Every structure is written in C-alpha cells, then in structure tokens.
Amino acid sequence: MEHNFNNKRVLLTGISGFLGSHTAIQLLNKGYKVTGTVRDLRRADEIKAIIKKHSPNIEHLTIVEADLNDAAKWTELTKNTDFIQHIASPFPRVLPKHESELIEPAMNGVLNIMKSAVANNVKRVVITSSVAAVVYGKSKNELNTTFTENDWTDESNKKDSTPYFRSKTIAEKAAWNFIKSNPGLELVTVLPGAILGPVLEDDFGTSANIVIKAIDGSMPAVPKIGVEIIDVRSVADLLIKAMELPQANRQRYLASSGYLSFKSIAGILKKEYPFRKIPSKELPDFFVKLLSNFETSLKPILIDLGIKRKIDRLKAIKELNWQPLPMEEAILSCARSVIGLGIVK
C-alpha cells in the first residue's frame with residue numbers, strides 16, 4: 001500500500017552531519033518538508049548551499065538552531081510534525097574526561113525528543129543508533145556467536161565497551177523504555193556500522209577517516225581490526241523506509257553491507273589508486289597497544305584488536321526490501337569525494 005507522504009513534515013536532528021545531510025537530501029527529493037536542526041545557526045547558509053547542489057526542492061528546507069538538552073525548544077519544534085528523524089549524536093573527536101559528558105546529552109536528547117513527540121502527536125520517531133549498541137560488552141564465549149537485532153551491548157561490561165559505545169546503548173535503551181509507558185508513539189531504530197560513501201563537504205563523518213588515513217600516505221601499516229561497512233546513501237534510504245513502512249514500527253534494524261578488515265579496505269583502495277602510498281601490511285597487536293599510549297585516538301580500537309564481531313544483516317533486507325550499495329562502492333565513492341574536495345591531496 002502506497003502512502004502519500006507529499007508535504008509531510010519531518011524534523012531532522014543533526015542536519016549538518018554526514019548522515020543528516022544525506023538523509024535531508026533524500027527526504028527533500030521525495031517531496032517532504034524538512035526542518036533540520038543544528039547546534040550553531042552560523043552554519044545554516046553553508047549547509048543549505050551544499051544540500052541545494054543535490055536537491056531541487058531546497059525551498060522545502062528550514063534550518064533551526066536547537067540544543068538537545070533544551071526541552072522547551074523541542075516541544076515548540078515538534079508542533080505540526082509528522083515524523084522525527086533523530087540523527088544528531090555527540091560523537092567527539094576526543095573523548096571527554098568523564099563519560100557522563102557523553103552519556104547524559106545522548107540520553108537526555110532522546111528523551112526530550114520523545115516527550116515532545118508525545119505532546120504534539122507526532123506519528124513516528126526514527127532514531128539512528130549504532131551497531132555498537134549490539135555487539136559490545138561481550139564475554140569471550142559470546143564473541144563466537146552471530147549477533148542480531150535481539151542482542152544488546154552490555155554497558156556494565158566496561159572491559160569490552162567504550163564510553164561512546166555505552167552512550168549509544170544507554171540512549172537507545174532509554175527510547176525503548178519510554179515507549180513502554182507511551183504506547184501511542186511509533187518508534188524504529190536503525191543501527192549502522194561504519195558509515196562511508198561520498199563526503200559532501202569538509203566537515204565529514206568520523207568513519208571517513210578510515211579511508212582518508214589509508215590514502216593520505218600517513219599510515220605505514222594498519223591495525224588488525226575490521227568494521228561493518230555501509231554507504232551513507234543506503235543508511236539514509238533505510239531511515240526513510242523505517243519511517244514510512246508500517247511493518248517497521250517497534251523494530252530495530254542493523255545497517256551493514258558486510259564486514260571488512262582494514263587490510264582489505266586498503267587493498268580495494270590500492271587497486272583503484274595504484275600510485276598512492278597505501279598500507280598493505282598489518283601492525284602487530286602489541287605494537288598498536290604500545291602506540292595507543294602516545295596516540296589516544298587509537299585507545300577505543302584496542303577492544304577490537306584481533307576480534308571479529310559477527311552480525312546477521314538480513315533483517316532490513318528481508319522485511320523492508322532494502323538494497324544496500326556494495327561495500328566497494330561505499331569505500332571508493334568516499335575516496336573519490338575526499339580527493340575531489342581536496343581533503344586528501
């Protein structure tokens with residue numbers, strides 16, 4: 001059954017982000033009216049200019065400033081709104097001293113949005129969570145299994161999780177918990193892996209660093225870890241399916257087109273860019289551990305050294321007829337875009 005979603009209003013949090021801007025483009029191109037939130041309104045014109053390059057319907061886009069912790073603001077913003085796409089997430093480049101600085105805003109943001117959705121009769125909220133809310137906090141034994149949407153990261157197991165992964169888990173759990181006492185509101189969560197694909201501007205998603213570091217000549221070798229890879233355009237597509245399709249209500253959907261080691265990612269890039277200095281060797285684990293004492297950005301990856309966390313990624317494909325782009329496309333379109341924008345010389 002085809003719904004007519006023309007002129008429906010979507011409130012989209014975090015429109016300046018990598019996934020937020022791509023999702024806004026697809027929504028506008030489908031005829032939705034979109035209100036996008038940013039933390040700083042000074043970026044509004046720049047974001048509009050970027051989105052305008054990819055959508056003829058720019059007049060249906062409004063950009064507003066909103067802080068996830070400002071409850072009153074969300075109550076005002078959700079008036080006359082049909083759907084909410086909650087994509088904004090505090091993903092710091094540098095981890096804060098206290099993990100509560102990460103967890104509280106993530107959780108409060110979700111709850112403020114859900115409370116305002118109930119107050120203003122919003123039909124459905126779609127929250128972008130993360131594969132990190134499923135596959136961490138595991139025992140050695142559990143790591144041999146294949147995880148599905150029925151599994152949750154155990155945030156009390158700090159040995160096999162990081163503050164960011166715990167914040168994503170706690171925020172998503174808070175949303176499902178809220179629904180129990182507010183059954184009238186529809187909720188869907190989408191849990192992407194590492195998001196690659198075409199970067200639209202200099203302010204890009206953190207995952208793109210996987211590709212940037214491999215092609216900019218700065219890495220002599222890569223750590224022995226891998227990631228679930230997904231193209232940003234496929235995540236945006238799944239977020240919209242999760243919003244529109246009746247059968248998606250009350251479901252979680254993992255979003256990945258497969259798992260690749262950093263070494264395999266580098267191999268795909270090397271084939272495409274034979275003259276660039278791209279790492280072909282893996283670093284020994286002990287060396288990565290040693291390096292992490294000097295290079296703090298390596299700290300969070302230590303829990304994945306030599307571990308492959310397997311997921312079943314078929315649920316969204318089967319239930320929502322979602323067809324994610326292949327991993328190679330996600331990797332190579334990311335590389336082409338960062339070279340095209342001059343992020344990588």
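## Aromatic pairs

Two aromatic pairs are counted in this predicted model. Tyr136 and Phe165 form a stacked pair, because their ring centres are 4.1 Å apart and their planes meet at 20 degrees, where stacking requires an angle under 30 degrees. This pair joins distant parts of the chain, with the two positions 29 residues apart in sequence numbering. Tyr136 is in the loop between β5 (124-128) and β6 (146-147), while Phe165 belongs to helix α5 (residues 163-181).

Both partners are buried: Tyr136 has a relative accessible area of 8%, and Phe165 has one of 14%. Together with Tyr164, Tyr136 and Phe165 make up one aromatic cluster.

## Charges over rings

Two arginines have their charged ends placed over aromatic rings. For Arg252, the ring is that of Trp152, with its centre 3.4 Å away. For Arg276, the ring is that of Tyr273, and the distance to the centre is 5.9 Å.

## Surroundings of Arg309

Arg309 is located in the loop between α9 (285-291) and β12 (310-311). Its relative accessible area is 5%, so Arg309 is buried, the cut-off being under 20%.

The side chain of Arg309 has polar contacts with backbone oxygens. A polar atom of this side chain lies 2.9 Å from the backbone oxygen of Val135, and the side chain also reaches the backbone oxygen of Ile303 at 3.0 Å. Leaving aside residues up to four places away in sequence, Arg309 touches Val135, Tyr136, Lys138, Leu143, Asp160, Glu228, Tyr259, Ile303 and Asp304. Among them is Tyr136, the partner of Phe165 in the stacked pair.

How values were computed: Residues are numbered from 1 along each chain as its sequence is written. This is a predicted model: local features need pLDDT of at least 70, side-chain atom pairs count only at pLDDT 80 or more; totals for chains, interfaces and linings use all residues. Side-chain values use heavy atoms; hydrogens and water are left out. Rings of Phe, Tyr and Trp (its six-membered ring) pair if their centres lie within 6.5 Å; planes under 30 degrees apart count as stacked, over 60 as edge-to-face and the rest as tilted. Helices (H or I, at least four residues) and strands (E, at least two) are DSSP runs, numbered from the N terminus. Buried means under 20% relative accessible area, exposed over 50%, partly exposed in between (1.4 Å probe, protein chains only). A charge sits over a ring if NZ of Lys or CZ of Arg is within 6 Å of the ring centre and within 35 degrees of the ring normal. A polar contact is a pair of N or O atoms within 3.5 Å; within protein, one must be able to donate a hydrogen and the other to accept it, and residues adjacent in sequence count only if both atoms are side-chain atoms. Contact means heavy atoms within 4.5 Å.
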